[in-house]
Amino acid sequence: MVDAFALRDQVLPKKGRGAVSNAAGRFEPLARHAVDDGWHLGEDDQALPKLRTEVTVERAKSALTRNSSPDIAFDRSLNPYRGCEHGCVYCYARPSHAYMNLSPGLDFESKLFVKKDLAQVLEAELRKPSYKPAPVMLGANTDPYQPLEREHRVTRDLLEVLHRFRHPVMIVTKSHAITRDVDILADMAKDNLVSVGISLCTLDGELARTLEPRAATPARRLDAMRILAEAGVPVTVLAAPLVPTLNDHELEAILAASAKAGASGAKYILLRLPREVKDLFREWLQTHVPHKAKRVMSLLRQSRGGQLYVSDFNARMTGTGVHAQLLGRRFDLACKKNGLIPAKLGACILSTKAFQRPLDMGDQFILF
């Protein structure tokens with residue numbers, strides 16, 4: 001069924017937001033479609049309500065999320081936030097908002113959820129005698145250093161727990177805010193307990209502003225790499241996602257700039273368009289680069305066996321076909337030229353040897 005009362009603010013792109021529309025998620029009984037009703041209001045017209053970010057605090061039932069994917073370098077992850085205010089239009093996590101009967105579009109970047117007690121739940125899980133340590137990914141779904149972190153500090157709380165337990169952690173972010181925690185990260189790096197992936201898909205500030213409207217600028221991300229590397233924290237640049245004809249020509253420049261900033265590893269990912277992301281990205285193309293839209297989608301299909309998304313392990317990240325093979329070859333050559341180590345998600349093999357369960361309140365000291 002189609003909701004006939006589609007709002008006009010779904011037709012025009014919102015300033016500072018990535019998605020163009022707020023289409024219903026796949027589990028909702030009503031479908032919303034943007035309709036041009038002939039009224040074209042100016043950008044500053046007060047008739048259009050401002051889209052404000054709403055935050056809901058929720059209790060965490062568990063901390064660690066498990067996976068068995070063979071093409072990523074971790075089997076467990078921590079996700080302190082649902083939704084992400086960075087608003088990256090291409091984000092593969094957008095479809096997860098549909099499980100809460102919210103739109104993977106504008107809802108994903110404006111209706112956010114924070115797990116305030118996640119650090120306490122994590123500590124309880126690490127204290128279980130049956131728990132066996134292995135590197136955990138912090139930020140596998142949404143960015144752990146998105147703007148929400150400034151107020152709620154859940155990521156900082158999680159790092160403090162992992163630090164006390166000497167537990168290995170991999171972090172992925174596109175935020176300069178990670179440098180706030182360089183004190184913890186530098187100390188963990190001494191025992192090979194941490195690696196950081198900085199996502200950087202373009203050096204073009206204008207393109208970044210529409211693709212990733214509330215994320216750090218490319219220059220700020222390179223600065224974060226410098227600060228972390230100088231503190232002894234191993235950094236991997238994630239040239240992701242690469243979009244044919246839009247930013248894939250920047251691959252060599254991205255790797256060169258990142259190596260100069262101190263990155264030691266590199267990885268790239270060809271744009272993935274699972275579920276609702278497919279239509280959201282198509283809308284974005286038609287809104288911002290209509291002259292490239294057809295070519296972009298054609299090359300993506302050529303790299304996915306005629307489809308826009310293929311979930312097969314080992315192929316879903318890099319694609320197949322001539323264009324994908326050329327991209328892979330360029331990546332290998334650029335890594336070699338810049339002294340970067342091609343990496344899985346997680347730049348290095350982290351150690352579990354230092355893992356310990358610190359004494360808790362009420363624990364008895366061992367008597368000798």
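Let's start with charged side chains: Glu149, Arg156, Glu160, Arg180, Asp181 and Asp183 are linked in a network of salt bridges. This network belongs to a predicted model, and the structure holds 19 salt bridges. Why can such pairs form? Side chains of opposite charge can pair when their charged atoms come close.

## Three salt bridges to look at

Here are three pairs you can find in the viewer.

| Pair | Closest N and O atoms |
|---|---|
| Arg76 and Asp75 | 2.7 Å |
| Lys174 and Glu212 | 3.7 Å |
| Arg282 and Asp279 | 2.8 Å |

Take Arg76 and Asp75 to begin with. Is Arg76 buried or exposed? Its relative accessibility is 5%, so Arg76 counts as buried. Asp75, at 32% relative accessibility, counts as partly exposed.

Now turn to Lys174 and Glu212, which form a salt bridge. This pair links distant parts of the chain, since Lys174 sits in the loop between β7 and α5 while Glu212 sits in the loop between α6 (205-211) and α7, 38 residues apart. Both Lys174 and Glu212 are buried.

The pair of Arg282 and Asp279 has another setting. Both residues belong to helix α9 (residues 277-288), where three residues, about one turn of the helix, separate them. An α-helix has 3.6 residues a turn, so residues three or four places apart point the same way. Arg282 is partly exposed, with a relative accessible area of 29%, and Asp279 is partly exposed too, at 41% relative accessibility.

## The sheet and its helices

Let's step back to the whole fold. The protein has eleven helices and eleven strands. Eight strands form an open sheet with mixed pairing, in the order β2-β3-β6-β7-β8-β9-β10-β11. Which strands stand at the edges? They are β2 (65-66) and β11 (341-342); each has a single partner strand, so one side of each is left without a neighbour in the sheet. Strands of a sheet pair through backbone hydrogen bonds, either parallel or antiparallel.

For a close look at one pairing, try strand β6 (residues 136-138) and strand β7 (residues 169-173). These strands run parallel and are joined by three bridges. Leu138 has Ile171 of β7 as its bridge partner.

Helices pack on this sheet as well. Helix α4 (residues 154-165) lies across β3 (76-78), β6 and β7, and runs at about 155 degrees to β6. Helix α11 (residues 321-338) also packs on the sheet, where it touches β9 (235-242), β10 (265-270) and β11, and its direction makes about 170 degrees with that of β10.

## What is tucked inside

How much of the protein is buried? Buried residues make up 53% of its 368 residues. Helix α5 (residues 182-189) gives a good example, with Ile184, Leu185, Ala186, Met188 and Ala189 buried. Their cover includes α4, β7, β8 (194-199) and α7 (218-230).

The accessible surface of the protein comes to about 17,700 Å², and 54% of this belongs to carbon and sulfur atoms. Among contacts between residues at least 6 apart in sequence, 80% join residues at least 24 apart.

Charged residues can be found inside too. Glu85 lies in the loop between β4 and α1, and it counts as buried because its relative accessibility is 12%, under the 20% limit. The side chains of Glu85 and Thr53 are joined by a polar contact of 2.8 Å. Beyond residues up to four places away in sequence, Glu85 touches several others, including Arg17, Glu109, Gln146 and Arg214.

Lys115 lies in strand β5 (residues 111-115) and, at 14% relative accessibility, counts as buried. Its C-alpha atom is separated by 8.9 Å from that of Thr56, although the two residues are 59 residues apart along the chain. Among the residues in contact with Lys115 are Glu58, Asn79, Arg82 and Val154.

## Unusual backbone spots

Most residues other than glycine have a negative phi, and most peptide bonds are trans. Where does this chain depart from that pattern? Asn101 has a positive phi of about 60 degrees although it is not a glycine. Asn101 is in the loop between β4 (81-82) and α1 (106-110), and it is partly exposed at 49% relative accessibility.

Arg153 also has a positive phi, of about 55 degrees, without being a glycine. Arg153 is in the loop between α3 (149-152) and α4, and its relative accessible area of 37% makes it partly exposed.

Finally, a cis peptide bond joins Ala240 and Pro241, with omega about -5 degrees. Pro241 has its place in strand β9.

Note on methods. Residues are numbered from 1 along each chain as its sequence is written. This is a predicted model: local features need pLDDT of at least 70, side-chain atom pairs count only at pLDDT 80 or more; totals for chains, interfaces and linings use all residues. Side-chain values use heavy atoms; hydrogens and water are left out. Two strands pair if DSSP finds at least two bridges between them. Helices (H or I, at least four residues) and strands (E, at least two) are DSSP runs, numbered from the N terminus. Contact means heavy atoms within 4.5 Å. Axes are lines fitted to C-alpha atoms, for helices over the stretch in contact, and angles run from 0 to 180 degrees between N-to-C directions. Buried means under 20% relative accessible area, exposed over 50%, partly exposed in between (1.4 Å probe, protein chains only). Accessible areas come from the Shrake-Rupley method with a 1.4 Å probe; for residues, only the protein chains shown count as cover. A polar contact is a pair of N or O atoms within 3.5 Å; within protein, one must be able to donate a hydrogen and the other to accept it, and residues adjacent in sequence count only if both atoms are side-chain atoms. A salt bridge is a side-chain nitrogen of Lys or Arg within 4 Å of a carboxyl oxygen of Asp or Glu.
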